[in-house]
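Q: Please take a close look at the aromatic side chains of this model and describe how they pair. A remark on the cysteines would also be welcome.

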Amino acid sequence: MDTVKKINVNNFKIEKNILSFNNSMVQISNISQVGVASPPKKPFNGTVIAAIVFGLLMSMIAPALQMVGVILVLGGIGYIILYISSNSNEDIYLNISLNSGGVYSIICKDKDFLKEVMQVIEYCINNHYNQIVSIDFNECNISNSPIISGNNNKVSL
């Protein structure tokens, strides 16, 4: 499988041995790893710098190719701007890795909340928790958590 699926979750539930969210279900025993991390940075394509330099040289040396040189320079600058903006993402992911090699990455902005979710999943894996746990990633809210903190066994960060 070896694929990463980035998802926004609005109805994440843990019931007995099943994680369910959106239109998917994962058997807890198929989870090999759960972690909280920033998304990996995309690699920078070094040939963009060469294209910018080549475009500058073309526009200065060969007047007939000046327009092509300007297009190369502008394209290179555009790539650099897109690269910087795509790597400045502040989201944090809860990465659920499966035995098959697939990874579900759930987006959230609160790292502490994701660590709490990770503890709940760990508890459910180790203790076969039989209650339904509902997790709202948008509101950073866990209902019916087996980890007691907060009021009435409801965790809000």
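A: In this predicted model, Phe-12 and Phe-137 are both buried. The two rings form an edge-to-face aromatic pair, with 5.4 Å from centre to centre and 90° between the planes. Phe-12 belongs to strand E2 (residues 12-15), whereas Phe-137 sits in the loop between strand E8 (133-136) and strand E9 (141-143). The pair thereby links distant parts of the chain, 125 residues apart. Phe-12 and Phe-137 also belong to one aromatic cluster, together with Phe-21, Tyr-104 and Phe-113.

In total, the model contains 7 aromatic pairs. Among them is the pair of Phe-12 and Phe-137 described above. Another edge-to-face pair is formed by Phe-44 and Tyr-83, whose ring centres are 5.1 Å apart and whose planes meet at 70°. Phe-44 lies in the loop between strand E5 (31-37) and helix H1 (47-61), and Tyr-83 lies in helix H2 (residues 66-86), so this pair ties together parts that are 39 residues apart in sequence. Phe-44 has a relative accessible area of 36% and is therefore partly exposed.

As to the cysteines, the model has 0 disulfides. Cys-108 takes part in none, and the nearest cysteine sulfur, which belongs to Cys-140, is 4.0 Å away; a disulfide would require the sulfur atoms to be within 2.5 Å. Cys-108 is buried, with a relative accessible area of 5%. Cys-124 is likewise buried, at 2% relative accessibility.

Conventions. Residues are numbered from 1 along each chain as its sequence is written. This is a predicted model: local features need pLDDT of at least 70, side-chain atom pairs count only at pLDDT 80 or more; totals for chains, interfaces and linings use all residues. Side-chain values use heavy atoms; hydrogens and water are left out. Buried means under 20% relative accessible area, exposed over 50%, partly exposed in between (1.4 Å probe, protein chains only). Rings of Phe, Tyr and Trp (its six-membered ring) pair if their centres lie within 6.5 Å; planes under 30 degrees apart count as stacked, over 60 as edge-to-face and the rest as tilted. Helices (H or I, at least four residues) and strands (E, at least two) are DSSP runs, numbered from the N terminus.
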